[in-house]
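Work through the exercises below with the model open in your viewer. Try each task before reading its solution.

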Amino acid sequence: MTQEKIRELISQMTLEEKAGMCSGEDFWHTKAVERLGIPKSMVSDGPHGLRKQDAMSDHLGVNESIKAVCFPAGCGAAASFNRELLEDMGKTLGNECQAEGVSVILGPAINIKRSPLCGRNFEYYSEDPLLATQMAGALIKGVQSKHVGTSIKHFFANNQETRRMSSTSEMDERTMREIYLAAFEGAIAKEKPWTVMCSYNRINGVYAAENKMALTDILRGEWGFDGYVVSDWGAVNRRVSDLEAGLDLEMPSSGGENDKLIVEAVSNGTLSESVLDTAVERILNIIYRFVENRDESAVFDRDADHEKARKIAEETVVLLKNQEILPIPKTKKVAFIGKYAKQPRYQGGGSSHINSHKVTSAVEAAYGLYNVTYAEGFRDDVDQTEDALLQEAIEIAEQADVAVVFAGLPDAFESEGFDRNHMRMPECQNELIQKISEVQPNIVVVLHNGSPVEMPWENKVKGIIEAYLGGQAIGGAVVDIIFGNINPSGRLPETFPLQLEDNPSFLYYIGEGDVVEYREGIFVGYRYYDKKKMPVLFPFGHGLSYTDFAYSRLRVSKEHILDTETLKVTVDVTNTGDMAGKEVIQLYVAEKESAVIRPEKELRDFTKVKLEPGETKTVEFELTSRAFAYWNTQIHNWYVETGEFDILIGKSSRDIVLSKTVEVKGTTKLQVKYTLDTTFGDIMKDERAVEILQPLMKLDIFADDKEEGVAAAAISKEMREAMIKYMPIRGAVSFGGDCTLDELQSLLDQLNE
């Protein structure tokens, strides 16, 4: 429907009808206006699967939803490092929505993984904003290609579950822009999701729902968002203020209470009706975008989508460790141990929970194909070792050639609504692995978890597979990888620290009362660990393969560029092994010297390629000014310093295999205001300033006379240089400069002109 026709519809609506359009009819539908032919529209949870419920159901999934297909959760999806894969997953989800009449699917969820403790990390993508925004953008592109909307969430700084509806995320401007907004920026600006869901929390004291800076100035003004903003379920606090800030649709229904407040505000003149009209126009635009592109022929083929989920899961599995034990030869006698081998934990709890139409376990996938025995090993509903289960597991492990232990985190340890208290696995599982290691040297651990865990047994096992929460077909994908039918190609989208205390947010996470200070600033995840040169269990971007890849011939299009130019980077990648595989090539950028504190390196691009044995492919990247920039709080914009930058090609943030240096010249000039407190060192960086303030350079302290005797011992060359560099120019009056303060100020005034 055209903008003109939508506005004509709005002109025929009563004030009450317009106010009513700005809140839900129930949990999942917008309101209809039958007399004008305006239909209601259905939205549904679904970052990794369609969780369609009836009108009387609830947001957190206590009640039943339709039978659907659970794809890998965000933690696993991001581990694929494969945009095309996520786009294909999005197309499948979009088709399912068309078949079920769902206009908007509520996802993806891409809040930054600030701490391993966040209970909702399993839904989120990464600790790195570029990886998060690129993968989310791919999913959005896929879903919306089927004329179904997405609702990217939770905008923004929703990085913990504790007090999520009242806490305030306190952060500086640079941290906000470089990390927490950047995770959303690329996906929104490029792929234009139909809707954005605001978060529950406050940002620097202002609730996200009434944060005009976020919802209007940045989202619409800077990024060009043209859909509607919907509240997280129950996030509305002051309806009229929220509407003015840019929150269009309140979900779920408020039973008409907040609609009355809008009508009252317009009636008494405290709210402009044009603000209400704009919100209604945004909502109707999305409603009709779906209605007019409804695909009545779409079919939800659950079995076919189950197989699609399996193919996607194959690329989300990360091989963390392999000491010549994987893949396991098909003739070996293998013991599958652990409850998750038969009943995999493949998704998280809460609003994203899918009512899967079927689930494939590792035991089921291996049945009849391999020589596999099974023992339960532990129960996941209690963290207590049961002697009978433990003894059975030890016995079959002892009799096997290889023991594969399926372990991880139970639902009670991580879910929406609460945060973890620690980074440990259940002690009964740790004990199980320890006891098996005493009788069986050949152990592989398969982890089912949505966030990093400590691994006290890491040096006692030969192989570790991170399966994350890989969706309902994860069992088949894991078995194919264990026995070598599939070559693992996932990479960690987050750092696994050795212990929780190593995490940069450890001292401040959860906060004090409702105040959560992001004191670590931009140093989230690998940005912190790499800068500190701190040992980690497994670094960001890490992942092994059953084949080997060699990198060569790193080239850049220019070695000297302006920040207005694009730099092309190419590198050759060769499969030097004897098995076909997919490799993730990661490009990081590091500034050699900077006037501000910056990370050691930052991920600026990545790609994934498939290579046959002996095959070589040339991979190309394009870097714009953003790859070299930081957020400058003086100009409130991205800024590139003139200087040298290293272009780094790596297999992880800790495994850099090639590098090349380029010089980038920044074209934005920062306005500098010189004062009596400006140091000589800062003055000397400015040629014009040095010229104008030349009279000051005659100070006694600038004399290069060599001291003798005691003086020489007291005043070294290094001391003299440091004293000059860090002395405010007002020191000229005290150290023999032939000028007064007034004359000095006159020179400064001339310089500042």
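The exercises on this predicted model cover aromatic rings, charges over rings, and pockets.

**Exercise 1. Classify a ring pair**

Task: Which class does the pair of Trp28 and Trp233 belong to: stacked, edge-to-face or tilted?

Solution:
- Start with the two descriptors. A pair of aromatic rings is described by the distance of the centres and the angle of the planes.
- Check the distance. The ring centres of Trp28 and Trp233 are 5.7 Å apart, and the limit for a pair is 6.5 Å.
- Check the angle. The planes stand at 40°. Stacked needs under 30 degrees and edge-to-face needs over 60, so the pair is tilted.
- Put the pair in context. The structure holds 17 aromatic pairs.

**Exercise 2. Place the pair in the chain**

Task: Where in the chain do Trp28 and Trp233 lie, and is Trp28 buried or exposed?

Solution:
- Locate Trp28. It sits in the loop between α2 (15-21) and β1 (43-45).
- Locate Trp233. It sits in the loop between β9 (228-231) and α9 (239-245).
- Take the separation. The two residues are 205 residues apart, and their pair links distant parts of the chain.
- Apply the burial cut-off, under 20% relative accessible area. Trp28 has 0%, so Trp28 is buried. Trp233 has 6%, so Trp233 is buried.

**Exercise 3. Find the cluster and the charges**

Task: Which residues form one aromatic cluster with Phe81, and which ring lies under the charged end of Arg302?

Solution:
- List the cluster. Phe81 is joined by Tyr526, Phe540, Tyr588 and Phe606.
- Turn to Arg302. Its charged end sits over the ring of Phe300, 3.9 Å from the ring centre.
- Add Arg626. This residue lies over the face of Trp638, at 3.6 Å from the ring centre.

**Exercise 4. Describe the largest pocket**

Task: What lines the largest pocket?

Solution:
- Take the volume. The largest pocket holds about 1100 Å³ of space.
- Take the lining. There are 30 lining residues, and Ala595, Tyr639, Leu670, Val672 and Lys685 are the closest to the centre.
- Assign elements. β24 (630-632) and β26 (643-652) each give two or more residues.
- Sort by class. The lining has nine nonpolar, nine polar and 12 charged residues.

**Exercise 5. Describe the second largest pocket**

Task: Which element gives the most to the lining of the second largest pocket?

Solution:
- Take the volume, about 700 Å³.
- Take the lining of 28 residues. Leu130, Thr133, Gln134, Gly186 and Arg604 lie nearest the centre.
- List the elements that give two or more residues: α4 (83-100), α5 (129-144), α7 (182-191), β22 (602-611) and β23 (616-623).
- Pick the top contributor. α5 gives the most, with seven residues.
- Sort by class. The lining divides into nine nonpolar, five polar and 14 charged residues.

Methods
Residues are numbered from 1 along each chain as its sequence is written. This is a predicted model: local features need pLDDT of at least 70, side-chain atom pairs count only at pLDDT 80 or more; totals for chains, interfaces and linings use all residues. Side-chain values use heavy atoms; hydrogens and water are left out. Rings of Phe, Tyr and Trp (its six-membered ring) pair if their centres lie within 6.5 Å; planes under 30 degrees apart count as stacked, over 60 as edge-to-face and the rest as tilted. Helices (H or I, at least four residues) and strands (E, at least two) are DSSP runs, numbered from the N terminus. Buried means under 20% relative accessible area, exposed over 50%, partly exposed in between (1.4 Å probe, protein chains only). A charge sits over a ring if NZ of Lys or CZ of Arg is within 6 Å of the ring centre and within 35 degrees of the ring normal. On a 1 Å grid over the protein atoms alone, a cavity is a set of points where a 1.4 Å probe fits but cannot get out, and a pocket is an open set with protein on both sides within 12 Å along at least five of seven lines; lining residues have an atom within 4 Å of a point. Grid points are joined across faces, edges and corners, and a volume is the space filled by probe spheres set on the points. Ala, Val, Leu, Ile, Met, Phe, Trp, Tyr, Cys and Pro count as nonpolar, Asp, Glu, Lys and Arg as charged, and the others, Gly among them, as polar.
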